[in-house]
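Biologist: Could you take me on a close look at the salt bridges in this model? I would love to hear which side chains pair up and how they sit in their surroundings.

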Amino acid sequence: MDFTTLTAMMRTSFSLFGDVRPDVHRLSMTLFGASVKSVKYTDKKRVESQVLDSLVPLLLYSQDENDAVAEESRRVLTICAQFLKWKLPQEVYCKDPWYINPSDIGIICKFFVYLRKLLHDPEPSLRIITTQALLQIHKFGAEPDPRQTA
């Protein structure tokens, strides 16, 4: 597949991550992961930003209430981490809700802040995305489970 078609497919599948239909949502992640796997070595730098942009949504969807969506998100997150040559902390792959163990959220945030120094990246858009992601993750961890309230 040529590079232009591949990147268009990655953009389209990424845009469907938030689809309300669980099958479309899950299959869009599957297609995105397959696209990442098929990137040629010479094109890796050119699609790196698309892969980086996918990390936060994949991380958040790994906690989806639909088990199939959450599992696929974790699988594609692994593919993206391998593409970037990153070793994500084990807490990223935890199936338990983050509110059960808030220290997991801290470990995940520290990974994205200190091991990757994304908050200090020279690219302003990457700093903004990282800041927003950390705020979402902290907010997610601070909110009580709605099923536990009366």
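**Salt bridges, pair by pair**

Modeller: Happy to! Let's start with arginine 75, which counts as partly exposed because its relative accessibility is 34%. Please keep in mind that this is a predicted model. The partner of arginine 75 is glutamate 72, and the closest N and O atoms of this salt bridge lie 2.7 Å apart. Glutamate 72, for its part, has a relative accessibility of 11%, so it counts as buried. Both residues belong to helix α4, which spans residues 67-84; they are three residues apart there, so about one helical turn separates them.

A pair with a similar theme sits in helix α2. There, aspartate 23 and arginine 26 form a salt bridge whose closest N and O atoms are 3.7 Å apart. Helix α2 covers residues 22-37, and because the two residues are three apart within it, they are separated by about one helical turn. Arginine 26 counts as partly exposed, since its relative accessibility is 26%.

Next come aspartate 19 and arginine 21, whose side chains meet in a salt bridge with an N to O distance of 2.8 Å. Aspartate 19 counts as buried because its relative accessibility is 17%, and the cut-off for buried is under 20%.

Finally, there is a network to look at: salt bridges link Glu71, Arg74 and Lys95. If you would like the overall tally, a search of the whole structure finds seven salt bridges.

Definitions and conventions: Residues numbered from 1 in each chain as written. Predicted model: local features only at pLDDT ≥ 70, side-chain atom pairs only at ≥ 80, totals over all residues. Heavy atoms only, no water. Salt bridge = Lys/Arg side-chain N within 4 Å of Asp/Glu carboxyl O. Buried < 20%, exposed > 50% of the residue type's maximum accessible area, 1.4 Å probe, protein only. Helix = DSSP H or I, 4+ residues; strand = E, 2+ residues; numbered from the N terminus.
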